Amino acid sequence: MEQSKKTYTVEEAKRKLEHYCAYQERCHKEVIQKLIQMHMIPEAIDVIVVHLLQHNFLNESRFAKQFASGKFKIKHWGKNRISFELKKKDISKINIQEALNEIEEEEYLELFNAIAEKRIHSIKESNVYKKKKKFADYFLYRGWESYLVYEKANELIK
């Protein structure tokens with residue numbers, strides 16, 4: 001037995017997507033994926049995306065800034081990881097750069113140093129090289145710049 005697909009008029013889809021975007025910042029890619037899941041035709045998708053842009057429900061620059069800020073403050077990601085994840089969402093280079101520039105350099109380094117101090121005590125490893133590797137792997141995966149990571153590893157692990 002085939003399940004009937006829910007269909008939406010352009011107006012219904014607009015309202016649904018307004019709520020989707022108002023609830024949380026979204027990027028163009030997420031909105032388009034959502035509309036495709038709703039079985040909207042390409043022409044309708046274009047109309048709805050333009051509507052969302054015109055009424056400021058969709059704003060790539062605002063999305064990028066909020067994404068970067070959240071991932072930095074909550075997940076403690078470094079700039080490389082934030083940049084990589086934004087690229088995966090098809091965010092423009094300009095918006096990525098603007099978003100990263102919003103992160104204060106002083107705050108960035110303070111957070112890195114604080115996490116590094118905490119992290120170093122949680123690594124249970126007596127071999128200096130293995131300890132440095134574990135330390136570095138942790139921060140590189142989270143997208144912190146390699147020069148920061150290795151400098152800190154050499155400073156803290158002797």
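## Salt bridges, annotated spans and helix packing in a predicted model

Over residues 59–100 the chain is 76% helix and 0% strand, with the end C-alpha atoms 16 Å apart; helices here (H or I, at least four residues) and strands (E, at least two) are DSSP runs, numbered from the N terminus. UniProt, in an unreviewed entry, places the feature "domain: RecX second three-helical" at residues 59–100. The same kind of record places "domain: RecX third three-helical" (unreviewed entry) at residues 106–150, a span that is 80% helix and 0% strand and whose end C-alpha atoms lie 19 Å apart. UniProt positions are given in the numbering used here, feature names are shortened, and annotations may be inferred rather than shown by experiment.

This is a predicted model, in which local features need pLDDT of at least 70 and side-chain atom pairs count only at pLDDT 80 or more, while totals for chains, interfaces and linings use all residues. Residues are numbered from 1 along each chain as its sequence is written, and side-chain values use heavy atoms, with hydrogens and water left out.

### Salt bridges

With a salt bridge taken as a side-chain nitrogen of Lys or Arg within 4 Å of a carboxyl oxygen of Asp or Glu, the count comes to 14 salt bridges. Three of the pairs are listed here.

| Pair | Closest N to O distance |
|---|---|
| Lys-29 and Asp-90 | 3.8 Å |
| Glu-85 and Arg-81 | 3.2 Å |
| Asp-137 and Lys-133 | 2.6 Å |

The pair of Lys-29 and Asp-90, whose closest N and O atoms are 3.8 Å apart, links distant parts of the chain, since Lys-29 belongs to helix α2 (residues 28–37) and Asp-90 to the loop between α5 (79–88) and α6 (93–101), 61 residues apart. Accessibility is classed as buried under 20% relative accessible area, exposed over 50% and partly exposed in between (1.4 Å probe, protein chains only). Lys-29 counts as partly exposed at 31% relative accessibility, whereas Asp-90 is exposed, with a relative accessible area of 51%.

Glu-85 and Arg-81 are four residues apart in helix α5, and therefore separated by about one helical turn; both residues are buried. Asp-137 and Lys-133 likewise lie four residues apart, about one turn, in helix α8 (residues 128–141), and Asp-137 counts as partly exposed at 36% relative accessibility. Elsewhere, salt bridges that share partners join Glu-11, Lys-14, Arg-15 and Glu-18 into one network.

### Packing of α8 and α9

Helix α8 packs with helix α9 (residues 146–156) at an angle of about 150°, their axes being 10 Å apart; axes are lines fitted to C-alpha atoms, for helices over the stretch in contact, and angles run from 0 to 180 degrees between N-to-C directions. That angle makes α8 roughly antiparallel to α9, a class that covers angles over 145 degrees. The crossing of α8 past α9 is right-handed, meaning that the near helix is turned clockwise from the far one by less than a right angle. On the α8 side, Lys-132, Phe-135, Ala-136, Phe-139 and Leu-140 meet residues of α9 that include Val-149, Tyr-150, Ala-153 and Leu-156, contact being heavy atoms within 4.5 Å.

### Positive phi angles

His-39, although not a glycine, has a positive phi of about 60°; this residue is found in the loop between α2 and α3 (42–54) and counts as partly exposed at 47% relative accessibility. Asp-90, the partner of Lys-29 in a salt bridge, also has a positive phi, near 60°, in a residue other than glycine.

Key. Parallel < 35°, antiparallel > 145°, perpendicular 65-115°, else oblique.
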